[in-house]
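Dear colleague,

I am passing on the structure we spoke about, and below it you will find my notes on what turned up when I went through it. Please read them with the model open beside you.

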Amino acid sequence: MIKVEGLTKRYARTVAVDNISFEVEKGQIVGFLGPNGAGKTTTMRVLTCFLPPTAGTASVAGFDVQEHPIEVKRRIGYLPESPPVYPEMEVTEYLEFTGKLKGIPSADIKKRVDEVLGRCAIGDVRDKLIGKLSKGYRQRVGLAQAIIHNPDVLILDEPTSGLDPKQIIEIRELLKSLAGNHTIILSTHILSEVEHSCERVIIISQGKLVAIDSVANLTNRLRGSESVALEVEAAAGSPNPSDVQVRLEQVAGVRSVVMKDSKDGRLTFEVESLQGRQIRADLARSVVNAGWNLSELRPVGLSLEDVFLQLTAAEKKGEAPAESEAAKQ
Ligand SMILES: Nc1ncnc2c1ncn2[C@@H]1O[C@H](COP(=O)(O)OP(=O)(O)OP(=O)(O)O)[C@@H](O)[C@H]1O
Ligand SMILES: [Mg+2]
């Protein structure tokens, strides 16, 4: 449904997107991840015909973004990073306006607007001026305009940014209900969101493709090593931090030990395991056997940044990146 080949986008001297290729099949929801400035928005703007590529091609439903932009736009709903909503318009007025622009017949517009008001849970602000809405509501109005013409493809640039937890769950449900009939690419910084909503993940970093994989494969891979926060009580300077550090380093399966803090009689460490090793029980035993008080031991979740560090580090060492389909081709 979406095909990107050798896509490169340069802004003056900045290479925002550097020769990336990927495909998204019909009906899939794909998460697009990357740190700030990775090139996600730029890629999305090329796919939605807002920016021409510097090199390479991108097509949607077989239509090239440069050769057939009108056909592409007809099939795409786009939620930009900052939704292009008009502050001086009322919500329904704006949605009717965008619906008309997107070619919905006049006779159907009211019904369609009512549908998207319901789906995006914005019925209660339908008569409000957009400029007076809170950020989360404005975001949902942006989402409503993206789906109003029932496009085959949805390109959503951080659709849940600025939403409260309840709304995030609602949007997640909405996206799930749209999947199957719709192909969706959504960018986000929240890894758990991708785990909930997406079947596949595309990760880019500094404009380059780092991984394309299923969520299950990626998270398994990342869960291969364990990261544990550990806290030992230290009364009157005992135990000595370096003694604890050395002892933890000696536990089987430990890759690294970093002391994070030492205050109020507590020493905190972050311990990382080698790939595939479970270390919590052995760490606990080691501390207790030394006669120290273990006041906390908990797994530390992997943040998106950790994911990147792991993936880019793997690339540098010449290990295979996460099952990259682009690399296979
Ligand atoms: N209009 C522009 N002119 C010049 N450089 C730009 C422009 N837009 C983006 N860039 C640069 O291109 C790179 C990629 O930016 P992009 O907005 O695509 O990143 P992103 O992955 O969407 O980041 P974020 O997570 O912060 O939204 C950055 O280095 C950015 O500074
Ligand atoms: Mg962006």
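Cys49 is buried, because 21 other C-beta atoms lie within 10 Å, where 20 or more are enough for a residue to count as buried. The residue lies in the loop between H1 and S4, and Cys49 has a positive phi of about 70° although it is not a glycine. Please bear in mind here, and in everything that follows, that this is a predicted model.

Two other positive phi values fall outside the glycines or after a helix, and I set them beside Cys49 for your attention. Asn150, which is not a glycine, has a positive phi of about 50° and is found in the loop between H5 and S7; with 14 other C-beta atoms within 10 Å, Asn150 is partly exposed. Ala121, which follows H4, also has a positive phi, near 55°.

As for the chain as a whole, there are twelve helices and 14 strands, and buried residues make up 37% of its 329 residues. Among contacts between residues at least 6 apart in sequence, 67% join residues at least 24 apart.

The helix before Cys49 deserves a longer look. Helix H1 (residues 40-47) is mostly covered, with eight of its eight residues buried; these are Lys40, Thr41, Thr42, Thr43, Met44, Arg45, Val46 and Leu47. What does H1 lie across, and at what angle does it run to S1? H1 lies across S1, S2 and strand S4 (55-60), and its direction is at about 120° to that of S1.

Those strands belong to an open sheet of four, in the order S2-S1-S4-S5, with antiparallel pairing. S2 and strand S5 (63-64) stand at the edges of this sheet, and each has a single partner strand, so one side of each is left without a neighbour in the sheet. Strand S1 (residues 2-11) and S2 run antiparallel and are joined by seven bridges, with Tyr11 standing opposite Thr14 in S2.

A second open sheet has six strands in the order S6-S7-S8-S3-S9-S10, and here the pairing is mixed. Its edges are strand S6 (76-79) and strand S10 (208-214), each with a single partner strand, so that one side of each has no neighbour in the sheet. From one strand to the next, the twist averages 15°. Strand S9 (residues 200-205) runs antiparallel to S10, and six bridges join them; Ile203 has Ala211 in S10 as its bridge partner. H1 packs on this sheet too, touching strand S3 (29-33), strand S7 (153-157), strand S8 (183-187) and S9, and its direction makes about 150° with that of S7.

H1 also matters for the description of the ligand. Around ligand 1 are Tyr11, Thr14, Ala16, Gly34, Asn36, Gly37, Ala38, Gly39, Lys40, Thr41, Thr42 and Glu81. Strand S2 (14-24) and H1 are the elements that give two or more residues to this shell, and H1 gives the most, with three residues. By type, the shell divides into three nonpolar, seven polar and two charged residues.

Turning to H4, I checked its length against expectation. The 14 residues of helix H4 (residues 106-119) should span 20 Å at 1.5 Å a residue, and its end C-alpha atoms are 20 Å apart, which agrees. Val113, Val116 and Leu117 are buried in H4, and the cover over its buried residues includes helix H3 (91-101) and helix H5 (135-147). An α-helix has 3.6 residues a turn, so residues three or four places apart point the same way.

Further along the chain, strand S12 (residues 254-263) and strand S13 (residues 266-273) run antiparallel and are joined by eight bridges, with Val254 opposite Ser273 in S13. The hairpin of S12 and S13 has two residues between the strands, and in it Asp264 takes a positive phi near 50°.

Last comes Gly291, in the loop between helix H10 (280-289) and strand S14 (293-299). Is Gly291 buried or exposed? Gly291 counts as exposed, because it has 8 C-beta neighbours inside 10 Å, where 12 or fewer is the cut-off. Gly291 and Pro239 are 52 residues apart in sequence, and their C-alpha atoms are 9.3 Å apart in space.

With best wishes

Key. Residues are numbered from 1 along each chain as its sequence is written. Chains are lettered from A and ligands numbered from 1 in the order in which they are written. This is a predicted model: local features need pLDDT of at least 70, side-chain atom pairs count only at pLDDT 80 or more; totals for chains, interfaces and linings use all residues. A residue is near a molecule or strand if its C-beta atom, placed from the backbone, lies within 6 Å of it. Ala, Val, Leu, Ile, Met, Phe, Trp, Tyr, Cys and Pro count as nonpolar, Asp, Glu, Lys and Arg as charged, and the others, Gly among them, as polar. Two residues are in contact if their C-beta atoms, placed from the backbone, lie within 7 Å. Two strands pair if DSSP finds at least two bridges between them. Axes are lines fitted to C-alpha atoms, for helices over the stretch in contact, and angles run from 0 to 180 degrees between N-to-C directions. The expected span of a helix is 1.5 Å times one less than its number of residues.
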